Amino acid sequence: FSGAVGIGVGFGLQKIASNFISGIILLFEKSIEEDDLVELNNGTVGFVRRTGARYTLLETHDSREVMVPNEDFVTNHVTNWTYTNTKGRIEFTVGISYNCDVDHAIELALEAAKSHPRCIDDPAPVCFLREFGDNSINLLLQFWVGDVTQGRHGPQSDVMRTLWRLYKENGISIPFPQRDVHIIPSEKSQ
């Protein structure tokens, strides 16, 4: 009976021991430290607020406090946005009409990115023609901010609004998906 209880307790403590050992590994490696901005496999993004023996406390952008078992940081893929520096890339796709001047559209996209105060020069913003889509020519704009801990959605929104204004002022249209429907009468209706 005591052997069975010992096995049961051993299995019960297995996760606790694993998290404790993972916590020690994190403390020695220093791959995750307080105030780092991390992104977990499941999409959770937050700042490390405390690392304990069993779990690491993350504070998300909406002020939720998430307790993540230390084992998850050791056994899963984790993106540490601030491991060696605080730079972060922001990118989004924008479609333009097939009737527009692609080169001019790319110039305006770069101008919109460079005009943002948080956009840095090194690496410089870039814009690529990514594909000829069903309804638009799709461009990919990428630019970098110096401190990703201040957020990425604000600069992305600002640059998108600036680009929208520049495109309108320069006659470059952003098309919306369209479908042509052809109704073919059946033989019964003829």
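Here is a short, friendly tour of this structure, from its strands to its cores and one buried residue. Please keep in mind that the model is predicted. A good place to begin is the open sheet of three strands, ordered β6-β8-β7 with antiparallel pairing. From there we move to the helices beside the sheet, the nonpolar cores, two hairpins and asparagine 70.

**The three-stranded sheet**

- β6 and β7 (126-132) stand at the edges with a single partner strand each, so one side of each has no neighbour in the sheet.
- From one strand to the next, the twist averages 25 degrees.
- β6 and β8 run antiparallel and are joined by nine bridges.
- Within this pairing, isoleucine 90 stands opposite phenylalanine 143 in β8.

**Helices on the sheet**

- Helix α3 packs on the sheet and touches β6, β7 and β8. The direction of α3 makes about 25 degrees with that of β8.
- Helix α4 lies across β6 and β8, and runs at about 30 degrees to β6.

**The nonpolar cores**

- In soluble globular proteins, nonpolar side chains tend to be buried together.
- The largest nonpolar core here has 25 residues, of which Ile96, Leu139, Leu141, Phe143 and Tyr167 touch the most other members.
- Two or more residues of this core come from each of β6 (88-96), α3 (102-114), β8 (137-145) and α4 (153-169).
- α3 gives the largest share of this core, with eight residues.
- Leaving aside residues up to four places away in sequence, tyrosine 167 touches Val94, Ile96, Ala105, Leu108, Ala109, Leu139, Ile172 and Ile174.
- There is also a second, separate core of eight residues, and among them are Val38, Leu58, Val68 and Phe73.

**Two hairpins**

- Strand β1 (residues 37-39) and strand β2 (residues 45-51) run antiparallel and are joined by three bridges. Leucine 37 stands opposite phenylalanine 47 in β2.
- Five residues lie between β1 and β2 in their hairpin, and glycine 43 in the turn has a positive phi of about 95 degrees.
- β2 also runs antiparallel to strand β3 (residues 55-60), with five bridges joining them. Arginine 50 has leucine 57 in β3 as its bridge partner.
- Three residues link β2 to β3 in a hairpin.

**A look at asparagine 70**

- Asparagine 70 lies in helix α2 (residues 70-75).
- Is asparagine 70 buried or exposed? Asparagine 70 is buried, because its relative accessible area is 0%.
- The side chain of asparagine 70 makes a polar contact, at 2.7 Å, with the side chain of threonine 56.
- Glycine 23 is 47 residues from asparagine 70 in sequence, yet their C-alpha atoms are 5.4 Å apart in space.

Technical notes: Residues numbered from 1 in each chain as written. Predicted model: local features only at pLDDT ≥ 70, side-chain atom pairs only at ≥ 80, totals over all residues. Heavy atoms only, no water. Helix = DSSP H or I, 4+ residues; strand = E, 2+ residues; numbered from the N terminus. Buried < 20%, exposed > 50% of the residue type's maximum accessible area, 1.4 Å probe, protein only. Polar contact = N/O pair within 3.5 Å; in protein donor to acceptor, adjacent residues only side chain to side chain. Pairing = 2+ DSSP bridges. Core = buried A, V, L, I, M, F, W, Y, C linked by side-chain atoms within 4.5 Å. Contact = heavy atoms within 4.5 Å. Axes fitted to C-alpha atoms, helices over the stretch in contact; angles between N-to-C directions.
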